[in-house]
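Trainee: Please choose one part and take me through it closely. I would like to see how its pieces go together.

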2 protein chains.
Amino acid sequence: MNLEFAIRSTDGAARAGVASVRGKRFATPAFMPVGTYGTVKALTPRQLGEVGAEVLVANTFHLMQRPSAETVCELGGLHDFMQFDGAILTDSGGFQVWSLGELRKVSEDGVKFRAPVDGSRVHLTPESAESVQENLASDIHMVLDECTEYPAERERARESLELTSRWAMRAKAAHEGSEAAQFAIVQGGMYEDLRLASLASLLDIGFDGYAVGGLSVGEPKADMWRVVSGLAPHMPIDRIRYLMGVGTPDDILQGIALGIDLFDCVLPTRNARNGYLFTHSGVVKMGNAAHRRSSEFLDANCDCYTCQHFSRGYLHHLYACNEILASVLGTLHNVAYYQALVKDARAAIAEARFQAFARERRAAWSAA
Amino acid sequence: MNLEFAIRSTDGAARAGVASVRGKRFATPAFMPVGTYGTVKALTPRQLGEVGAEVLVANTFHLMQRPSAETVCELGGLHDFMQFDGAILTDSGGFQVWSLGELRKVSEDGVKFRAPVDGSRVHLTPESAESVQENLASDIHMVLDECTEYPAERERARESLELTSRWAMRAKAAHEGSEAAQFAIVQGGMYEDLRLASLASLLDIGFDGYAVGGLSVGEPKADMWRVVSGLAPHMPIDRIRYLMGVGTPDDILQGIALGIDLFDCVLPTRNARNGYLFTHSGVVKMGNAAHRRSSEFLDANCDCYTCQHFSRGYLHHLYACNEILASVLGTLHNVAYYQALVKDARAAIAEARFQAFARERRAAWSAA
């Protein structure tokens with residue numbers, strides 16, 4: 001195994017630990033900001049470090065098109081390229097290929113599609129997805145999976161998870177000799193027994209961590225949590241559990257309560273660019289004219305650069321004028337907010353008061 | 001006088017000094033980054049401080065529309081509003097009103113126009129331009145002037161400069177009691193004798209500093225330098241000389257050689273957003289595919305954050321993907337470059353080798 005993972009404390013199903021991979025450490029539960037093209041939009045790596053981001057995710061699908069994995073490799077790999085010295089996880093590209101809809105063609109061998117950027121034909125296989133990530137020199141590789149569409153009939157979901165498992169086996173073989181860790185992805189649609197079957201077949205192969213994929217694809221949130229609740233207790237306790245593409249601050253607390261260790265989502269960064277900011281007293285829509293003359297700080301309980309310096313009135317003004325600094329200061333805060341949330345969650349778990357902590361946070365969010 | 005200005009060394013006509021206003025100091029020759037709406041586009045005030053910007057300019061015309069001078073005043077004035085603790089100069093709005101062309105109507109009293117942002121009618125007078133700047137709480141106010149169009153007949157240029165002088169007298173009266181400094185603006189078109197007449201009438205009124213306006217308005221560059229060359233030797237040696245809206249790095253050196261102390265221009269910030277970056281070996285067009293796989297730093301002689309960390313290949317990638325971080329890192333460098341240029345110029349003046357310094361810089365720019 002190329003990733004060390006030690007649980008330091010538990011509180012119910014919730015767990016707090018430390019992961020170590022290729023000399024980079026990160027505390028869990030962890031939230032990964034999304035650095036699609038090798039940049040967490042609007043932030044310098046120095047700002048990322050300041051807000052406590054120890055691990056981020058970058059998108060293979062995007063990077064293989066621009067600037068290409070070979071170029072990133074020539075420029076020293078993702079860490080040198082983007083100058084981030086924390087841990088970097090890369091996805092396999094599977095989810096974005098799935099998002100192309102009819103434009104992709106899946107076969108036993110892999111998936112063919114036309115690259116949206118330049119229209120060129122791409123053939124992504126479990127082996128090529130692995131070698132692309134090796135070129136990117138990320139610390140954690142994801143296996144290529146087929147993201148099962150929603151809704152999917154039971155038989156379709158079964159076929160899909162079985163394909164994902166066969167691909168996982170090929171990806172593991174292709175990963176041989178790599179210094180990076182490798183995570184597999186549990187599929188199975190909304191069927192709890194199929195999810196367990198998927199997990200079992202991946203456990204047979206053996207990975208550094210296990211992700212829950214195929215969620216946040218349009219299903220009701222209750223279905224998503226039903227699947228995670230059914231699956232998480234069966235996931236190995238000594239491996240990282242990664243809930244892909246999730247979610248809101250409330251989702252993060254819910255996932256942690258179920259024993260999830262790792263999250264990623266574009267929400268804090270994308271919403272920041274749209275003036276939708278997360279605070280201890282709930283969401284603040286910065287474009288709202290009510291903030292125009294407000295001398296209040298954005299979030300009195302946040303110690304980020306934005307909240308230590310700028311009034312809501314100034315932030316409102318920046319958004320109203322569509323200034324780049326609005327995206328910078330908003331993103332800085334939202335990412336800091338998410339990092340503080342998981343940091344506080346880790347502390348609460350260590351003090352065996354996670355449920356009370358989650359209750360207090362939710363009460364404060366809805367009080368405003 | 002509300003601004004102290006001490007010349008520390010001279011070298012030919014070039015001078016290096018220190019200005020002090022309302023407790024803020026800045027060394028001259030100084031270049032002011034442009035913070036139109038109360039933000040130097042893409043930079044945090046912390047980054048501005050790090051690259052050595054001690055003084056910046058903000059635009060009255062823009063701020064009076066968004067968020068309004070009253071709102072900035074309520075939020076503590078520009079320094080609190082944008083959290084910049086260096087000196088801030090505000091223009092009078094005159095130049096932007098002039099840019100509106102036919103949409104403005106000039107009378108003895110002032111100038112009427114429709115605000116581009118919301119179509120409301122605005123009447124800007126020497127007195128209201130002063131009170132708006134007092135509300136903005138900047139450190140240096142500019143008098144309202146009429147920017148003489150180019151080309152302008154001699155008689156038209158004379159009428160225009162005389163109106164500007166009458167407005168200057170009213171602006172001075174309106175400034176009575178302010179703690180801010182106040183600069184007047186020399187007009188007179190491309191007529192050297194009219195420029196001297198304009199300067200003489202403004203000297204009779206008496207200001208903390210004198211700006212050269214009505215340049216960079218479409219005239220050949222040779223005409224601009226002819227006007228500045230004719231005017232500068234007659235400007236008082238103990239007052240700041242401000243060449244408005246200028247210019248390229250080469251222009252800055254040329255202006256300093258003629259005894260100019262203060263400059264401002266959107267060039268470093270606007271060009272940065274377009275991938276046009278200034279370096280010791282000339283302009284680098286970051287969008288150029290030649291940089292795609294370059295592991296070189298942008299400027300080996302620059303100590304800014306961008307040049308200390310990122311390869312040209314990464315910067316090229318950010319521009320190719322239209323990432324916000326491209327604007328951030330590019331602007332950070334370009335502003336740092338301009339600040340280093342005037343800092344090095346000050347050192348060269350102190351060592352009485354300014355002409356050699358300027359010659360060396362120009363040779364390096366054109367060598368690449």
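Mentor: What follows deals with the place where chain A and chain B touch, and ends with a pair of helices in chain A.

This is a predicted model, in which local features need pLDDT of at least 70 and side-chain atom pairs count only at pLDDT 80 or more, while totals for chains, interfaces and linings use all residues. Residues are numbered from 1 along each chain as its sequence is written, and chains are lettered from A and ligands numbered from 1 in the order in which they are written.

Start with the contact itself. On the chain B side, 31 residues are in contact with 31 residues of chain A (C-beta atoms, placed from the backbone, within 7 Å). Four helices of chain B each give two or more residues to this side: helix 3 (69–74), helix 4 (77–82), helix 13 (312–320) and helix 14 (324–350). A helix here is a DSSP run of H or I with at least four residues, numbered from the N terminus. Helix 13 of chain B gives the most, with 5 residues. By type, the chain B side holds 14 nonpolar, 11 polar and 6 charged residues (Ala, Val, Leu, Ile, Met, Phe, Trp, Tyr, Cys and Pro are nonpolar; Asp, Glu, Lys and Arg are charged; the others, Gly among them, are polar).

Now compare the two sides. Of the interface residues of chain B, 100% are also interface residues in chain A, so the copies meet through the same surface. A turn of 180° with a shift of 0.0 Å along the axis lays chain B on chain A with an RMSD of 0.0 Å (least squares on the C-alpha atoms of residues with pLDDT of at least 70 in both). The two copies are therefore related as by a two-fold rotation axis. Among the residues of chain B, B:Ile324 comes closest to that axis, its C-alpha being at 3.7 Å.

Finally, look inside chain A. Helix 7 (residues 154–175) and helix 8 (residues 192–205) of chain A have axes that come within 10 Å and cross at roughly 15°. That angle makes helix 7 of chain A roughly parallel to helix 8 of chain A (under 35 degrees). Residues of helix 7 in this contact include A:Ala157, A:Leu161 and A:Ala168, and those of helix 8 include A:Leu194, A:Ala197 and A:Ile205. The contact of helix 7 with helix 8 in chain A has 8 nonpolar, 4 polar and 2 charged residues.

Technical notes: Two residues are in contact if their C-beta atoms, placed from the backbone, lie within 7 Å. Axes are lines fitted to C-alpha atoms, for helices over the stretch in contact, and angles run from 0 to 180 degrees between N-to-C directions. Angles under 35 degrees count as roughly parallel, over 145 as roughly antiparallel, 65 to 115 as roughly perpendicular and the rest as oblique.
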